[in-house]
Amino acid sequence: MKLAVASGKGGTGKSMVAANLAYTLSRTEPISLVDCDVEEPDLHLFFPAPVTKRNVTVPVPVIDESVCDRCGKCGEFCRYGAITVLPNRVLFFAELCHSCGGCMLVCPKKAIHEEQKQIGTVSFSLPFPDLSLFTGTLDTGSPHAVPVIREAKKQAAAAGDPVMIIDTAPGTSCPVVEALEGCDACILVTESTPFGLHDLQLAADVAARLGIPAGIVINRSDGNDEETLRFCTDHDLDVMMTIPFSREIAAIQSRGDLLSRARPEWQKDFMALFLKCRALAGVD
Ligand code: SF4
Ligand code: SF4
């Protein structure tokens, strides 16, 4: 079962929920936890352990100026504006390139070949015998989050654990869609503020468009959740768990600990959350 943990906005406690779920479940079965928030991965902070890293690369075109006759066909073909052909040289903008390989195919002079360019890494660690952590990290300045996310998920799938928990980036952009792709269910973590509700609406819409069943976790609840509850009722979204605002919980997290580890009585709540997710996904 692939379970995503997402949120419409940052800072809602999405990673905290993913980490607590993974820790709780790993006490009874093998779990793969995948950090797909590749611009700011933070799950490793909850699970310090030695890592092995693999580079993630994408093919990019390299133009042999000595063969190129500046015909302009590559620039005309590239819909991303990554190539501009000037009378005396060809400019290539790597940050715009989507590695489609089309320019190489259309070049009549065979002046273009591809070379691999590193865009990020996927780190693997085993903080507990039944908890495998895969961390996607985008290189600074690289705009290509999607291939790093795809590779992190691929490596986790190869591990073959029965449950994969995917921590997505916040928001509703392409990297979030890539992380959600293929998931059986999705937890949307929110907080009962006007911004929280607005962004929950966007995230719920993305999950619905992808056909992924979603349920809600309200975090840092001060008990005034009426508007969020009304939205969930109106959109047939189950509020699967409510975590109260509490100084004690905040203190546990601020020292890099997990609620379910520091206060083991919370494990039954996270296990109950997982069982609701299984029901959402239609898994017995
Ligand atoms: S298509 Fe080939 S020959 Fe034409 S401008 Fe591009 S690199 Fe040069
Ligand atoms: S590989 Fe595709 S995206 Fe990149 S420069 Fe060539 S045509 Fe453009």
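In this predicted model, H144 is buried, with a relative accessible area of 14%. That value falls under the 20% cut-off for burial. H144 sits in the loop between β7 (131-138) and α5 (145-159). A polar atom of the H144 side chain lies 3.2 Å from the backbone oxygen of C97. Beyond its neighbours within four places in sequence, H144 is in contact with A94, E95, C97, I119 and L138.

One of these partners, A94, belongs to the loop between β5 (90-92) and α4 (102-106). A94 counts as partly exposed, at 22% relative accessibility. Why is A94 not classed as buried? Buried means under 20% relative accessible area, and A94 has 22%, so A94 is placed in the partly exposed class. With residues up to four places away in sequence set aside, A94 touches K117 and H144. The C-alpha atoms of A94 and P61 are separated by 8.7 Å. Along the chain, these two residues are 33 residues apart.

The wider frame comes next. The chain has 284 residues, and 47% of them count as buried. Eleven helices and eleven strands make up its secondary structure elements. Along its principal axes, the C-alpha trace spans about 70 × 40 × 35 Å. Among contacts with a separation of 6 or more, 73% join residues 24 or more positions apart.

The chain is divided into two domains. Domain 1 takes in residues 2-56 and 120-281, while domain 2 covers 59-118. Domain 1 is thus written in two segments, because the assignment gives its bounds as 2-56 + 120-281. The C-alpha centres of the two domains lie 39 Å apart. Seven residues from domain 1 and five residues from domain 2 take part in the contact between them.

Two ligands were examined. Around ligand 1 there are 13 residues, of which C68, C71, G72, C74 and C107 come nearest. The shell of ligand 1 holds eight nonpolar, one polar and four charged residues. Ligand 2 is also surrounded by 13 residues. Which of them come nearest to ligand 2? They are C78, C97, H98, C100 and C103. C97 is thus one of the nearest residues to ligand 2, and its backbone oxygen is the atom that lies 3.2 Å from the H144 side chain. The shell of ligand 2 divides into ten nonpolar and three polar residues, with no charged ones.

Nonpolar packing was then traced. The largest nonpolar core has 39 residues, and V34, C186 and L188 touch the most other members. Helix α7 (residues 194-209) gives the most to this core, with six residues. A second, separate core has 36 residues, including L21, V163, I187 and F274. In the first of these cores, L188 gives a useful view of the contacts. Apart from residues up to four places away in sequence, L188 touches A6, L200, A203, A204, A214, G215, I216 and V217.

Strand β10 (residues 214-221) contains S221. Is S221 buried or exposed? S221 is buried, because its relative accessibility is 8% and the cut-off for burial is under 20%. The S221 side chain reaches the backbone nitrogen of G223 at 3.1 Å. S221 also touches T242, I243, P244 and F245, when residues up to four places away in sequence are left out.

Backbone geometry is the last topic. Most residues other than glycine have a negative phi. R70 is not a glycine, yet its phi is positive, at about 60 degrees. R70 lies in the loop between β3 (51-63) and α3 (73-77). With a relative accessible area of 27%, R70 is partly exposed. D236 also has a positive phi, near 55 degrees, and is a residue other than glycine. The loop between α8 (226-234) and β11 (238-244) holds D236. D236 is exposed, because its relative accessible area is 72% and the exposed class begins over 50%.

Technical notes: Residues numbered from 1 in each chain as written. Chains lettered and ligands numbered in written order. Predicted model: local features only at pLDDT ≥ 70, side-chain atom pairs only at ≥ 80, totals over all residues. Heavy atoms only, no water. Near = heavy atom within 4 Å. Nonpolar A, V, L, I, M, F, W, Y, C, P; charged D, E, K, R; others polar. Core = buried A, V, L, I, M, F, W, Y, C linked by side-chain atoms within 4.5 Å. Buried < 20%, exposed > 50% of the residue type's maximum accessible area, 1.4 Å probe, protein only. Helix = DSSP H or I, 4+ residues; strand = E, 2+ residues; numbered from the N terminus. Contact = heavy atoms within 4.5 Å. Polar contact = N/O pair within 3.5 Å; in protein donor to acceptor, adjacent residues only side chain to side chain.
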